[in-house]
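Grab a pencil and let's work through a few exercises together. Have a go at each task before you read its solution.

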Amino acid sequence: MSDTTRALGAPVLRREGRDKVTGTARYAAEHTTPGCLYGWVVPATVASGRVTAIRTADALAVPGVHTVLTQDNAPRLKEPDDPILAVLQDDRVPHRGWPVALVLAESLESARAGAEAVHVEYATTGHDVVLTADHPGLYTPEEANGGYPALRERGDAMRAFDAAPVRIDATYTLHGLHNHPMEPHASTARWADGHLTVHDSSQGSTAVRESLAKALGLDRDRITVISEHVGGGFGSKGTPRPQAVLAAMAARHTGRPVQLSLPRRYMAAVVGHRAPTLQRVRLGADRDGVLSSVSHEIATHTSRIKEFVEQAAVPARIMYASPHSRTEHRVVALDVPSPSWMRAPGEASGMYALESAMDELANALGLDPVELRLRNEPQTEPDSGRPFSSRGLTACLREGARRFGWYDRDPQPATREEGPWLLGTGVASATYPVLVSKAAATAQAAPDGSYRIGVNATDIGTGARTVLAQIAASVLDTPQENVTVDIGNSDLPPAPVAGGSSGTASWGSAVHKAATALVRRLDGHTGPIPPEGVTVTADTGEETAQESPYARHAFGAHFAEVAVDSLTGEVRVRRLLGVFAAGHILNSRTARSQFIGGMVMGLGMALTEGSTMDPAFGDFTESDLASYHVPSCADVPDIQAHWIDEDDPHLNPMGSKGIGEIGIVGTAAAIGNAVRHATGARLRELPLTPDKLLPYLP
Amino acid sequence: MRPFAYLRPASVAEAVRAGAGHPGARFLGGGTNLVDLMKLGVESPGLLVDVSRLPLDRVEPTDDGGLRIGATVRNSDLAAHPGVRSGYPALSQALLAGASGQLRNTATTGGNLLQRTRCPYFQDVSKPCNKRLPGSGCPAREGAHRDLAVLGHSEDCVATNPSDMAVALAALDAAILLHGPEGERTVPVTDFHRLPGDNPDQDTVIRPGELITEVVLPPPAATSLYRKARDRASYAFALASVAAVLSVRDGRVERAALAFGGVAPRPWRARVAEDVLRGAPADEETFARAVSAELATARPLRDNGFKVDLAHRLAVGALAELAGLAPPA
């Protein structure tokens with residue numbers, strides 16, 4: 001066997017790739033059994049109020065309709081850990097789209113027809129769904145998401161800003177965004193002999209099992225949640241979603257297996273969104289571009305039922321040296337669907353504003369934007385003073401500039417034409433924190449010399465099985481083909497979600513530890529391996545409980561070349577190039593896919609994606625993939641992802657940082673900065689659609 | 001489930017009989033819009049008359065040098081047809097600018113002409129919409145209307161016709177052949193779609209039971225092109241589009257036809273602009289003056305004023321390109 005199959009970093013093919021492209025991989029809605037009922041949710045059609053009556057007779061008369069679950073007859077739940085899961089429990093409508101009934105029928109079509117025949121009456125009060133920078137309900141919470149303090153101040157940022165010879169004061173507007181994974185949120189639930197089995201499209205079935213146990217008041221040993229294959233999540237499946245609770249309730253109530261797959265049009269209301277942010281950035285610098293003041297203020301929204309605060313000002317605490325800094329989040333609770341996690345929550349939106357402002361500062365100074373960033377490189381993490389475990393930003397910027405051909409750039413805006421096209425280039429930095437959570441894994445040696453790893457990791461399209469096999473094989477000193485990996489089932493050793501770019505670090509650390517223990521056990525083992533094999537279990541509770549004395553982050557640099565149609569204002573990206581410093585890369589093939597996938601998503605954020613809150617109705621206008629514009633293949637240009645291998649001993653046994661999210665982080669700012677270079681127009685609101693460009697065209 | 005009957009007639013006559021004999025009947029072509037609307041509850045036909053296998057799938061020359069396009073010819077096939085590509089480039093370009101490859105492989109010529117607006121309120125049965133439910137109101141007028149009409153709309157409806165193909169057909173003076181219970185008639189494409197007025201539920205002048213059997217193109221008169229601006233590079237409806245036909249002799253416009261898409265409840269044939277163009281010097285000043293005259297009647301809503309500028313730019317650019325004053329985009 002060649003060394004490439006043993007070495008971490010090798011471009012090993014993803015294990016389930018063939019199953020997926022040939023259609024044999026089965027997803028959560030494809031585990032129906034005979035006798036299965038199909039569910040269809042009846043969403044609230046008011047943005048705020050109470051349900052006063054639900055009449056189900058017409059629905060029950062629809063042929064094939066079995067049951068209609070409402071607040072009147074649905075099983076009672078214990079208080080769930082997430083308020084969005086408390087469905088069909090009372091008459092409150094916290095936002096339009098909140099589930100008020102679930103129709104169960106012998107076919108999907110009957111369920112849908114039944115749902116249309118459910119009559120719901122509401123008592124409504126006025127609703128308030130529009131985020132504004134001066135909304136009277138805005139307040140500063142204790143914490144933003146991720147446990148970060150909502151407000152941090154160092155020195156006197158306002159006084160330093162006022163005293164700075166060069167100042168940027170700009171406000172950036174980001175509308176809501178939706179994750180819209182290709183596979184919708186779906187669950188198939190069945191009860192047998194007092195045991196609940198749920199196939200759920202989730203980023204982590206251990207967490208779904210815990211939530212269901214709590215909500216249903218069941219011992220967790222009586223629940224199995226399976227997420228064998230997941231067709232994308234991007235954060236929207238990172239926490240348990242109502243479909244799992246509804247399917248489990250319905251299966252319990254009816255005694256039949258129940259499948260519930262959320263229609264695309266319904267997803268915008270119940271599976272979360274990236275909250276809109278209004279961001280004011282103030283930068284003060286001397287004439288050499290050395291920052292003296294960094295201020296980043298966020299206004300965002302949350303729903304009436306939970307406080308969720310997009311941590312968009314947090315990256316400003318990490319990126320650049322400045323003696324004075326102020327970073328603050330304010331939030332207002334509105335009658336809107338609950339926002340939730342979306343790829344690089346905080347970083348993607350916050351870095352759009354910060355990196356656009358840095359470009360504005362470079363232009364104000366007449367300084368190259370790469371050079372400006374190099375001049376503000378901190379020695380320690382600015383906000384905490386902690387040393388970086390490793391910080392590859394300057395290396396990424398220099399390597400990216402070299403590969404991209406940046407140094408030939410004429411900084412003058414709106415001077416390059418090619419037929420009707422105006423051409424420009426832009427750069428932006430990226431960062432994403434190193435996160436890790438406790439996980440457990442088993443490692444087993446079989447008599448035939450093969451190995452088996454068990455850990456409840458989830459493959460959401462990243463190649464989790466493959467990289468875990470590589471990690472195990474590297475410890476066991478065996479070809480990766482010799483290692484079977486079991487994931488995606490909550491009966492396996494518990495593990496955290498595929499989220500926060502922490503999956504491989506969390507699961508991999510446990511796999512590494514179990515495999516290491518197995519090697520030691522086998523070293524002491526005499527005689528043949530018994531038929532049942534030799535199995536060890538390990539968990540990383542101890543390691544992950546210790547807080548690192550280091551500031552640990554991945555960094556990156558994005559470069560973009562755009563062409564703007566001078567007639568129509570249509571923006572086309574010609575080239576995207578990212579260079580990332582994220583520790584050791586564990587599988588160069590699947591890592592590249594993740595980087596590139598993130599960059600494509602950032603391209604969508606920059607140019608095409610946006611969710612518009614409808615003030616009259618309280619829902620999002622873009623409710624299907626014809627109107628919510630994810631980039632099409634024709635939008636996606638020559639994309640290159642490169643990386644700088646870092647030898648960082650302060651991470652985990654693999655020496656890796658997360659890579660699932662950093663690809664999106666700097667992309668939107670790099671594209672926006674390139675559009676400014678092409679046209680001279682500094683647009684501070686995404687997406688950069690033709691209507692926004694038109695006023696600035698010749 | 002919501003039951004409906006399904007019929008696959010063997011002939012146009014049988015299809016028409018079935019359609020006319022059943023008030024809730026709908027003809028099914030590729031189904032790329034109708035089936036979606038059925039799932040959404042916007043359409044609930046009692047009878048689907050599947051005309052997709054009728055022998056209307058040919059593109060043939062007419063005696064006078066034009067083209068006869070069967071109603072079930074798929075959008076992809078029509079776009080790729082050599083006679084269309086050479087004689088009517090605007091039509092081929094418009095088809096290829098629409099939808100996605102998968103949808104174009106399924107969608108038919110007749111169905112394309114009958115597709116409904118993509119106004120978000122029309123597609124959401126939980127909200128009012130005068131087109132879907134006459135008299136219920138139009139939330140788009142004050143609501144999400146960035147993508148909606150600036151020309152030809154009414155108090156009751158501000159929806160746009162979403163077709164690209166129909167815009168090219170309008171500029172090319174195509175005619176639609178209809179078979180109905182009372183026989184056959186021909187309607188110019190420009191007269192086929194209605195302005196909404198106070199009954200926006202009627203998209204077209206088609207009568208109960210009438211079936212589109214073919215679209216007839218007159219002989220190619222001049223070179224043509226189609227330009228479309230949209231929010232992403234593919235698979236997006238037009239923010240604005242233009243189909244233009246132009247011939248120039250001795251520096252003057254000999255023949256001009258112009259139609260806008262994405263800006264009105266129907267393909268918007270720009271007769272006012274054409275009157276200005278005819279016989280005038282073929283220069284950018286004339287083109288701008290002509291297009292401005294056409295768009296002077298535009299009544300943009302709060303958030304879609306940009307469409308007037310965009311349509312203007314597209315039209316002037318297209319005419320300039322056809323006149324050889326600008327390089328091909």
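**Exercise 1: where the chains meet**

Here, 36 residues of chain A are in contact with 31 residues of chain B. Keep in mind that this is a predicted model.

Task: Find how much area chain A and chain B bury between them, and which residues of chain A lose the most area to chain B.

Solution: Start with the general idea: the size of an interface is often given as the accessible area lost when the parts come together. For chain A and chain B that comes to about 2800 Å², with 57% of it on carbon and sulfur atoms. Now look at the chain A side: Arg265(A), Leu567(A) and Leu694(A) lose the most area to chain B, and together they account for 18% of what that side buries.

**Exercise 2: one helix, two sides**

Task: Work out how the buried residues are arranged around helix 1 of chain B.

Solution: First, list who is buried in helix 1 (residues 12-21) of chain B, meaning under 20% relative accessible area: Val12(B), Ala15(B), Val16(B), Ala18(B) and Gly19(B). Next, look down the axis of helix 1 of chain B: the buried residues fall within an arc of 165°, so they line one face of the helix. Then check the other side, where Arg17(B) and Gly21(B) are exposed. Finally, see what covers the buried residues: strand 1, strand 2, strand 3, strand 6 and strand 8 of chain B are included.

**Exercise 3: a helix crossing**

Task: Describe how helix 8 and helix 16 of chain A cross.

Solution: Their axes come within 8 Å and cross at roughly 35°. The crossing of helix 8 and helix 16 of chain A is right-handed. Among the contact residues are Met351(A) and Tyr352(A) of helix 8, and Ala668(A) and Arg676(A) of helix 16. Sort the contact residues by type and you get four nonpolar, three polar and three charged.

Definitions and conventions: Residues numbered from 1 in each chain as written. Chains lettered and ligands numbered in written order. Predicted model: local features only at pLDDT ≥ 70, side-chain atom pairs only at ≥ 80, totals over all residues. Heavy atoms only, no water. Axes fitted to C-alpha atoms, helices over the stretch in contact; angles between N-to-C directions. Helix = DSSP H or I, 4+ residues; strand = E, 2+ residues; numbered from the N terminus. Left-handed = near helix turned anticlockwise from the far one by under 90°. Contact = heavy atoms within 4.5 Å. Nonpolar A, V, L, I, M, F, W, Y, C, P; charged D, E, K, R; others polar. Buried < 20%, exposed > 50% of the residue type's maximum accessible area, 1.4 Å probe, protein only. Arc of directions from axis to C-beta. Buried area = accessible area lost by both parts, 1.4 Å probe.
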